[in-house]
Amino acid sequence: MRTRIGLIALLGSLVLVGSVALTRSVGLTARFPGLDRVESAAEAAREGGRETVLLVAGKPVTAAELAEMEHWVAANLTWMREVGTSGAVTAEQRAFLERQAGLIERHGVPTVALASLIVDRAVAAAAEREGLWPDERTVRERVARDREVAATSDDPRLKAYLAAFGEEAFWDEHYPRVIALEIAEERLYEARTKGEPDAARRQALWLTEERALALGAPIEVVVPERLPASIDAALQYLAEYYDLQLSGSGSIRPSA
């Protein structure tokens, strides 16, 4: 599952690599390891190619999005390696991060970036099919709320995106696209798991649902030469990722 850290949806998506609870527990918002890669991600998002490289369940993935995601995966890998060697995590958390980081390193950053966007688009397509895509008013209200919260934040990842886009372009053009997807994913999660009261079982149910969507989505490669990794490699990564998560070893609780 693509979980997000920070104050708003854009910031620091832990791209199929980590735990939002752990992120909050170790408190690394102010100094994010891999910040240089986040800055590169922001530049890629602003200046990267807009051509569609592939379609996942009919949803386009652009060259810019692939480049941006590669930088995020690299940033999060740096984060995991640094946190895993710190005293801020338990032995259980450290072992989990080691397994997650090892999985990414075995498959490679480009493969994991592609895999993340396959999940992203498969979930988005399912949300749209089920009538869960937010309307313009809902998106505007969330943007306004997040912008107000962000005004009190010193998160360097947000600052990187604001510097790359400029404040008005970021909030008026880039962020609404990000948050529309985030709201759709939130709604699909609620719709697919609302009958399960237990938090751990609910998460396992969602991972099972998400896995089925991602591994079952039709994929059409439009520009093969722009693909950073093979589709087969990305799907193999996803199969291993979900196996790890659903085995129970991926359940991380924040330390006291």
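In the predicted model, helix H5 (residues 109-129) lies across strands E1, E2 and E3 and runs at about 155° to E2. A second helix, H3, lies across E1 and E2, with a direction at about 65° to E2.

The strands beneath discussion here form an open sheet of three, arranged in the order E2-E1-E3, and their pairing is antiparallel. Strand E2 (59-62) and strand E3 (219-221) occupy the edges; each has a single partner strand, so one side of each is left without a neighbour in the sheet. From one strand to the next, the twist averages 25°. In general, the strands of a sheet pair through backbone hydrogen bonds, in either a parallel or an antiparallel manner. Strand E1 (residues 52-56) pairs with E3 in the antiparallel sense over three bridges. Within this region, leucine 54 has valine 221 of E3 as its bridge partner.

The packing of two helices is described by the angle between their axes and the distance between the axes. For helix H3 (residues 63-84) and helix H4 (residues 91-107), the angle is about 145° and the axes are 9 Å apart. The crossing in which H3 passes H4 is left-handed. On the H3 side, the contact involves Val73, Leu77, Trp79, Met80, Arg81, Val83 and Gly84. These residues meet Arg94, Leu97, Glu98, Gln100, Ala101, Gly102, Ile104 and Glu105 in H4. Classified by residue type, the contact of H3 with H4 comprises eight nonpolar, three polar and four charged residues. Helix H3 thus appears in two settings: H3 packs with H4, and H3 also lies across E1 and E2.

Terms used. Residues numbered from 1 in each chain as written. Predicted model: local features only at pLDDT ≥ 70, side-chain atom pairs only at ≥ 80, totals over all residues. Heavy atoms only, no water. Axes fitted to C-alpha atoms, helices over the stretch in contact; angles between N-to-C directions. Helix = DSSP H or I, 4+ residues; strand = E, 2+ residues; numbered from the N terminus. Left-handed = near helix turned anticlockwise from the far one by under 90°. Contact = heavy atoms within 4.5 Å. Nonpolar A, V, L, I, M, F, W, Y, C, P; charged D, E, K, R; others polar. Pairing = 2+ DSSP bridges.
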